Amino acid sequence: SIGLVAQTDQPLTQDQLLERADYALYNAKAHHRGTAVLFSTEHESAIRIQILTEQQLRQVDFASEMTVQFQPIVDVGRNKIVAYEALARWQSPVLGSVKPIHFIPAAERMGLINQLTEVLFAKALAALKTWPDEIDLSFNLSVRDIASGDLLARLAQMLETTGVSAKRIIFEITETALMHDFEQGRDRLLGLKALGAKIALDDFGTGYSSLHYVHRLPLDKIKIDREFVAGVATDQASRDIVRSILDLCRNLKITCVVEGVETAEQVIVLRSLGCTTMQGYFFGGAVSNVALVHTSGASEWAAAPVRLKGRPVSA
Ligand code: C2E
Ligand code: CA
Ligand code: CA
């Protein structure tokens, strides 16, 4: 991978040039491995967002500015919501609404992620306590969360003090979270499982997935990345990939969740491939807990707060 920068009309200093070439290199490694990437105006504005985000994060009061929204995960066979995924939201008084793809990596770089995760988990648990018992919470952990034994111990402690059963928690992790120290990562996951929690492998198919690697992890679920779902109704290759992952899950006896389901057509195709657990805008985006809770009966739950289409969708 190569990062390049071109000198412009407003000459850049040696440091600035190096910084930009380095950014382009980083970008090449992350998104276009094995190619040359030229530093562009888009990179420039991405850096600006990054700097602003970091400045604001330094003075943020997590508890008041960060909130959690919840997106339903649905069993289409039973037409029921089985869990909600907690998704972090930041309304900054200075920057306005900042996307998690910007502030989560920034918090990771700045060493603030553990603190943030703890605040988000507390908020998510408080929400879960208002849900029917059969609805679980799916919660994202970042690389540095898995690496921190202290953080994981605090999360366990929080489950105990709030009286929430760990059986209702699914921790979502990505493969990159385990890449640099597989043995330690695996032990940490086993620790979470020992509490009774479940583990889901997020964004499956986008990273360096190796089957060998997947079967050595104590996984309960695999979440197929929405990249494959986008093409599932129109593209044979996407369908084949989804079908192979579903086969893999069946063989490993783990649940498969398909992410990013946006249309009825996709639901029908996915069902015909044997997939029953889905998530995506078709069923509803992420909303605040207050917006979820306007019915109390568990049976009505599936129908009321999110747009579960009137009739069950079948293949
Ligand atoms: P993710 O874990 O893969 O979360 C799913 C993302 O897809 C969410 O974006 C969600 O709003 C979006 N999404 C859901 N359904 C659809 C759909 O049908 N179509 C499309 N196009 N998108 C859909 P969001 O909330 O912007 O989060 C982005 C990423 O930021 C998450 O990806 C996750 O990696 C990270 N993130 C969010 N909240 C947290 C958190 O509390 N902790 C950590 N560590 N990461 C988080
Ligand atoms: Ca996730
Ligand atoms: Ca995902």
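**Exercise 1. Glu227**

Task: In this predicted model, in which helix is Glu227 placed, and is Glu227 buried or exposed?

Solution.
Step 1. Glu227 belongs to helix 11, which covers residues 226-230.
Step 2. The relative accessibility of Glu227 is 52%. The cut-off for exposed is over 50%, so Glu227 counts as exposed.
Step 3. For its position relative to another part of the chain, take Ala21. Along the chain, Glu227 and Ala21 are 206 residues apart, and 29 Å separates their C-alpha atoms.

**Exercise 2. Val269**

Task: Where is Val269 found, and is Val269 buried or exposed?

Solution.
Step 1. Val269 sits in helix 13.
Step 2. A residue is buried under 20% relative accessible area. Val269 has a relative accessibility of 15% and therefore counts as buried.
Step 3. Compare Val269 with Thr255: the sequence separation is 14 residues, and the C-alpha to C-alpha distance is 18 Å.

**Exercise 3. The calcium ion that is ligand 2**

Task: Which protein atoms are donors of the calcium ion (ligand 2), and how are the donors spaced along the chain?

Solution.
Step 1. List the donors of ligand 2: Glu85 (OE), Asn140 (OD1), Glu172 (OE) and Asp202 (OD). They lie 2.1 to 2.4 Å from the ion.
Step 2. Written along the chain, the donors follow the spacing E-x54-N-x31-E-x29-D.
Step 3. Place two of the donors in the secondary structure. Asn140 is in strand 6 (residues 136-140) and Glu172 is in strand 7 (residues 169-173), and this pair, 32 residues apart, links distant parts of the chain.
Step 4. Classify the same two residues by accessibility. Asn140 has a relative accessible area of 28%, so it is partly exposed. Glu172, at 1% relative accessibility, counts as buried.

**Exercise 4. The calcium ion that is ligand 3**

Task: Which residues supply the donors of the calcium ion (ligand 3), and which residue coordinates both calcium ions?

Solution.
Step 1. The donors of ligand 3 are Asp202 (OD), Asp203 (OD) and Glu259, the last listed twice through OE. The distances to the ion run from 2.2 to 2.5 Å.
Step 2. The spacing of these donors along the chain is D-D-x55-E.
Step 3. Ligand 3 and ligand 2 are 4.0 Å apart, and Asp202 coordinates both.
Step 4. Asp202 lies in strand 8, while Glu259 lies in the loop between strand 10 (255-258) and helix 13 (264-272); the two are 57 residues apart and link distant parts of the chain.
Step 5. Asp202 is buried because its relative accessibility is 7%. Glu259 is also buried, with a relative accessible area of 11%.

**Exercise 5. The surroundings of ligand 1**

Task: Which residues come nearest to ligand 1, and how many nonpolar, polar and charged residues are in the shell around ligand 1?

Solution.
Step 1. There are 21 residues around ligand 1, and those that come nearest are Gln71, Arg89, Arg226, Glu262 and Tyr281.
Step 2. Sorted by class, the shell holds nine nonpolar, five polar and seven charged residues.
Step 3. Next come the polar contacts. An N or O atom in the Arg226 side chain is 2.8 Å from an oxygen atom of ligand 1. For Glu85, a side-chain N or O atom is 3.3 Å from a ligand 1 oxygen atom. A polar side-chain atom of Asn140 is likewise 3.3 Å from an oxygen atom of ligand 1.
Step 4. On its own, ligand 1 exposes 800 Å², and the protein buries 83% of that.
Step 5. Strand 4 (80-92), helix 4 (100-109) and strand 8 (198-204) are the elements that give two or more residues to this shell. Strand 4 gives the most, with four residues.

**Exercise 6. Aromatic pairs**

Task: How many aromatic pairs does the structure hold, and what are the distance and plane angle for the rings of Tyr23 and Phe39?

Solution.
Step 1. The structure has seven aromatic pairs.
Step 2. For Tyr23 and Phe39, the ring centres are 6.1 Å apart and the planes meet at 80°. With the cut-off for edge-to-face at over 60 degrees, the pair is therefore edge-to-face.
Step 3. Tyr23 is in helix 1 (residues 14-31) and Phe39 is in the loop between strand 2 (36-38) and helix 2 (41-58), 16 residues apart.
Step 4. Tyr23 is buried, with a relative accessible area of 17%, and Phe39 is buried, with 12%.
Step 5. Elsewhere, Phe70, Tyr84 and Trp131 form one aromatic cluster.

Methods. Residues numbered from 1 in each chain as written. Chains lettered and ligands numbered in written order. Predicted model: local features only at pLDDT ≥ 70, side-chain atom pairs only at ≥ 80, totals over all residues. Heavy atoms only, no water. Near = heavy atom within 4 Å. Polar contact = N/O pair within 3.5 Å; in protein donor to acceptor, adjacent residues only side chain to side chain. Areas by Shrake-Rupley, 256 points an atom, 1.4 Å probe, with all protein chains shown as cover. Nonpolar A, V, L, I, M, F, W, Y, C, P; charged D, E, K, R; others polar. Donors = N, O, S within 2.8 Å, 3.2 Å for Na, K, Ca; no water. Buried < 20%, exposed > 50% of the residue type's maximum accessible area, 1.4 Å probe, protein only. Phe/Tyr/Trp six-rings, centres within 6.5 Å; stacked < 30°, edge-to-face > 60°.
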